[in-house]
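Here's a set of short exercises to work through with the coordinates open in your viewer. Try each task before you read the solution under it.

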Amino acid sequence: MPIETTPNIWHNGQLIPWEKAQIHVMSHVIHYGSSVFEGIRAYTQPTGAGIFRLREHMQRLIYSAKIYRMPIDYTLDQLCDAVINVVEANGVAPCYIRPIAFRGYGEIGVSPLKSPVEVYIANFPWGKYVAGNDGADVCISSWNRLAPNTMPSLAKAGANYMNSQLIRMEADANGYVEGIALDRNGYLSEGSGENLFLVRDGVLYTTPLANSVLNGITRDSILVLARQMGIPVVEQTLPRELLYICDEAFFTGTAAEVSHLRSVDRIMIADGKMGPITTALHKAFFDIVNGNAPDRYNWLTPVTVASKA
Ligand SMILES: *Cc1c(COP(=O)(O)O)cnc(C)c1O
């Protein structure tokens, strides 16, 4: 998907023109993958526009940076204000927001500590995702997710996406929409950039953070909604074959939102249709972000935008 540009990008406290947001080829991040980032959506509602769970996303960015000893010169409040600033300056919603912090141009040794930390926030129009309700055909990847003592899964780091790219390319090459990686012990982990849920006998299961998954904010939102709806929720280690014999399965993520899975390894999940619990959670999620239900958890930070896409 080509990027649709916007006029401004936020860089270290200032708005700069999109075309000026460039870095040197000898920047540390280019060579050693030293970046942490976020993906956030702003949705439109009948009464305006709102950024979904802004604070949680920027808090996670700060934690991702902390894991990699990357000092961020801005407070959580300042980072949240910066996101609002760039979204309002660019004036477009719905949109996708990409905050990123990385080690820039300084030294070219492995240690990043002497390379300056650069923070950028870009956003660009990204319309409402209208997936067919047919569901996704996915596979189990031959690539494992990061082992806990290789790369920290709780950091949303650019370098983790080398693993994600292998998972995704292999899935594509074999005619699947996405791959699900196992953890280093062979248990279900997550997709290349989505958390995994399944339903069996009315119980909602998801893989725990110890199984090399990112603490997805959409994952958390679904857990909150499920508990509030009285759906029993269990976070536990899950074997691969449970996906073959479950009643429903879906991915969550800022990009994927709530996407139901039709088959895994060409084995149909139940009758392949979106099941009742997925349907109810999907509706509860979209009712909030689209403004058709009260924002009872204050998940939306209002922004003023001139044009609604
Ligand atoms: C970003 C990401 C997700 C989804 O997280 P959200 O906060 O819901 O967007 C899941 N898994 C991985 C590996 C990710 O990088």
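**Exercise 1. Classify Ile 108 by its accessibility, then put the residue in its surroundings.**

Start with the cut-offs: buried means under 20% relative accessible area, exposed means over 50%, and partly exposed is in between. Ile 108 has 39% relative accessibility, so the residue counts as partly exposed. Next, find its place in the chain: Ile 108 sits in the loop between strand S7 (95-103) and strand S8 (117-125). Finally, look at its company. Ile 108 belongs to a nonpolar surface patch, together with Ile 23, Val 25, Met 26, Ile 30, Tyr 32, Tyr 105 and Val 110. The patch adds up to about 770 Å² of accessible area. Keep in mind that this is a predicted model.

**Exercise 2. Describe the shell around the ligand: which residues come nearest, and which side chains have polar atoms at what distance from ligand atoms?**

Step one is the list of neighbours. There are 16 residues around the ligand, and those that come nearest are Lys 156, Tyr 161, Glu 190, Thr 218 and Thr 254.

Step two is the polar distances:

- Lys 156 puts a polar side-chain atom 2.8 Å from a ligand oxygen.
- Glu 190 has a side-chain N or O atom 2.7 Å from a nitrogen atom of the ligand.
- Thr 218 has a polar side-chain atom 2.6 Å from an oxygen atom of the ligand.

Step three is coverage. On its own the ligand has 380 Å² of accessible area, and the protein covers 96% of that.

Step four is where the shell comes from. Helix H2 (54-67) and helix H5 (217-228) are the elements that give two or more residues to it. By residue class, the shell divides into 3 nonpolar, 8 polar and 5 charged.

**Exercise 3. Check the backbone: where is there a cis peptide bond, and which residues have a positive phi although they are not glycine?**

First, the background: most residues other than glycine have a negative phi, and most peptide bonds are trans.

Now take omega. The bond joining Ala 93 and Pro 94 is cis, with omega about 0°. Pro 94 is in the loop between strand S6 (92-93) and S7.

Then take phi. Glu 257 isn't a glycine, yet its phi is positive, about 55°. Glu 257 lies in strand S16 (residues 257-264), and with 1% relative accessibility it counts as buried. Arg 266 also has a positive phi without being a glycine, here about 65°. Arg 266 is placed in the loop between S16 and strand S17 (267-268).

**Exercise 4. Count the salt bridges, then work out which parts of the chain the pairs Glu 178–Arg 168, Arg 240–Asp 265 and Lys 283–Asp 287 join.**

The idea behind the count is simple: side chains of opposite charge can pair when their charged atoms come close. The structure holds 12 salt bridges.

Pair one: the closest N and O atoms of Glu 178 and Arg 168 are 3.1 Å apart. Glu 178 is in strand S10 (residues 178-182) and Arg 168 in helix H4 (residues 160-173), so this pair ties together parts 10 residues apart in sequence. Glu 178 is buried at 3% relative accessible area, whereas Arg 168, at 35%, counts as partly exposed.

Pair two: Arg 240 and Asp 265 meet at 3.1 Å, N to O. Arg 240 lies in the loop between strand S14 (233-235) and strand S15 (248-253), and Asp 265 in the loop between S16 and S17, so the parts tied together are 25 residues apart in sequence. At 30% relative accessibility, Arg 240 counts as partly exposed.

Pair three: Lys 283 and Asp 287 meet at 2.7 Å, N to O. Both lie in helix H6 (residues 276-289), 4 residues apart, about one turn of the helix. Asp 287 is buried, with 17% relative accessible area.

To finish, look for linked bridges: Arg 53, Glu 56 and Asp 220 form a network.

**Exercise 5. Is Ser 164 buried or exposed, and which backbone oxygen lies 2.7 Å from a polar atom of its side chain?**

Ser 164 lies in helix H4. Its relative accessible area is 2%, so Ser 164 is buried. The backbone oxygen belongs to Ser 192, 2.7 Å from a polar side-chain atom of Ser 164.

Note on methods
Residues numbered from 1 in each chain as written. Predicted model: local features only at pLDDT ≥ 70, side-chain atom pairs only at ≥ 80, totals over all residues. Heavy atoms only, no water. Near = heavy atom within 4 Å. Polar contact = N/O pair within 3.5 Å; in protein donor to acceptor, adjacent residues only side chain to side chain. Areas by Shrake-Rupley, 256 points an atom, 1.4 Å probe, with all protein chains shown as cover. Nonpolar A, V, L, I, M, F, W, Y, C, P; charged D, E, K, R; others polar. Patch = residues over 30% accessible without salt bridge, like charges linked within 9 Å, V, L, I, M, F, W, Y side chains within 5 Å. Salt bridge = Lys/Arg side-chain N within 4 Å of Asp/Glu carboxyl O. Buried < 20%, exposed > 50% of the residue type's maximum accessible area, 1.4 Å probe, protein only.
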